[in-house]
Amino acid sequence: MGATTPQRAVSGSALAVGADAGEALLSLDDLTSLQRLTSFTAHEVRNPLAAMRAMVQLALATDDDDRRQELLRKVIYSIDDLSQFLTELVSLAGVQESMLVRLDVRPVIVEVMRLFAVQADLLNVRMTMRVPEGLPPVWGNAPLLRHAIMNLVKNSMEAMPRGGALTIAVKHLSDRNSVCIAIRDTGAGIPEERRTRLFTGVPDGRRGTGIGLPFVHHVITQVHRGTLRFESRVGVGTTFYLELLPATAPLAPGRPG
């Protein structure tokens, strides 16, 4: 679990960009990375766009002015979220030293719940949030953590096309020195044959790019230095556990953050 997509090594192979031989060369490995980044960006942009489309459709269909205004405000919030994420994505190419800050996970989860409220209503999914008082802050990056949780919530929604329950619960695990975010659904569950490929990005014949869960794994394990695991029973549901470092001590030097 957590394996990355295999990269094919190409020794000495490059493509010249432009007619001038002195211009930069773009290696085939660079092209592969660019293709993966493009797929990832398209995947992450598609999620909020789908949410905004659903909200606009509901706004057009309702005769209630207050309801219409509420839906349009949610569209504006979603546009702001998407803009913030794209800004953060660009910053990933730069210096990493300030990526993690002391972060309260509650507002991040509230934002995700707000974004998916319309889809939950349409799919008859009951969403519940359980975040106790007194949780320690974590070392985190709010836009990236929010999009990681969004991916998991989206997957849960898709696993419950006929309705169900989705719960996001947070606990401080003092014995593990972590803050654990559990995302639990009552959906179809993950078939055994898919579980070993879940975080690899290897296509398995399902719809989609296969980028979402590898992105979640990278954000949690590489950017946040946490752990990601799951439990699933076919026909019963799935729970993903995101364990993050509490911000009770300074980050160790020399590590991304």
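Reader: What share of the contacts with a separation of 6 or more comes from residues 24 or more positions apart?
Author: This is a predicted model. Contacts in the protein with a separation of 6 or more form the base of the count. Residues 24 or more positions apart account for 71%.

Reader: How many helices and strands does the protein have?
Author: The protein has both kinds of element. The count is 7 helices and 9 strands.

Reader: What percentage of the residues is buried?
Author: The protein has 257 residues. Its accessible surface is about 14,200 Å², with 55% belonging to carbon and sulfur atoms. Buried residues make up 42%.

Reader: Which residues touch the most other members of the largest nonpolar core?
Author: In soluble globular proteins, nonpolar side chains tend to be buried together. Here the largest nonpolar core holds 55 residues. The members with the most contacts to other members are I149, I181, F240 and L242.

Reader: Which helix gives this core its largest share?
Author: The largest share of the core is 8 residues. They come from the helix spanning residues 142-158. That is α5.

Reader: Which residues does I181 touch, leaving out those up to four places away in sequence?
Author: I181 is one of the core residues that touch the most other members. Leaving out residues up to four places away, its list includes I149, F240 and L242. The full list is V105, I109, I149, I168, A169, V170, F240, Y241, L242 and L244.

Reader: What is the strand order in the open sheet of 5 strands?
Author: The pairing in this sheet is mixed. Its edge strands are β4 (125-130) and β8 (227-233), each pairing on one side only. Neighbouring strands are turned by 15° against each other on average, direction ignored. The order is β4-β6-β7-β9-β8.

Reader: In β9, which residue is the bridge partner of T227?
Author: β8 and β9 (residues 237-244) pair in the antiparallel sense. They do so over 7 bridges. The partner of T227 is E243.

Reader: What angle does the direction of helix α3 make with that of β4?
Author: Helix α3 (residues 105-115) packs on the sheet. It touches β4, β6 (164-173), β7 (178-185) and β9. Its direction makes an angle with that of β4 of about 170°.

Reader: At what angle does α5 run to β7?
Author: α5 lies across β4, β6, β7 and β9. Its angle to β7 is about 25°.

Reader: Why does the pair of F230 and F240 count as tilted?
Author: The structure holds 1 aromatic pair. The ring centres of F230 and F240 are 5.5 Å apart. Planes under 30 degrees apart would count as stacked, and over 60 as edge-to-face. The planes of F230 and F240 stand at 35°, so the pair is tilted.

Reader: Which strands hold F230 and F240?
Author: F230 is buried, and so is F240. The two are 10 residues apart, and their pair links distant parts of the chain. F230 is in β8 and F240 in β9.

Reader: Is N124 buried or exposed?
Author: Most residues other than glycine have a negative phi. N124 has a positive phi, near 60°. It sits in the loop between α4 (117-123) and β4. Its relative accessibility is 58%, and the cut-off is over 50%, so N124 counts as exposed.

Reader: Is R225 buried or exposed?
Author: R225 is not a glycine, yet its phi is positive, about 60°. It lies in the loop between α7 (212-223) and β8. Its relative accessibility is 12%. The cut-off is under 20%, so R225 counts as buried.

Methods:
Residues are numbered from 1 along each chain as its sequence is written. This is a predicted model: local features need pLDDT of at least 70, side-chain atom pairs count only at pLDDT 80 or more; totals for chains, interfaces and linings use all residues. Side-chain values use heavy atoms; hydrogens and water are left out. Helices (H or I, at least four residues) and strands (E, at least two) are DSSP runs, numbered from the N terminus. Buried means under 20% relative accessible area, exposed over 50%, partly exposed in between (1.4 Å probe, protein chains only). Contact means heavy atoms within 4.5 Å. Accessible areas come from the Shrake-Rupley method with a 1.4 Å probe; for residues, only the protein chains shown count as cover. A nonpolar core is a set of buried Ala, Val, Leu, Ile, Met, Phe, Trp, Tyr and Cys residues joined through side-chain atoms within 4.5 Å. Two strands pair if DSSP finds at least two bridges between them. Axes are lines fitted to C-alpha atoms, for helices over the stretch in contact, and angles run from 0 to 180 degrees between N-to-C directions. Rings of Phe, Tyr and Trp (its six-membered ring) pair if their centres lie within 6.5 Å; planes under 30 degrees apart count as stacked, over 60 as edge-to-face and the rest as tilted.
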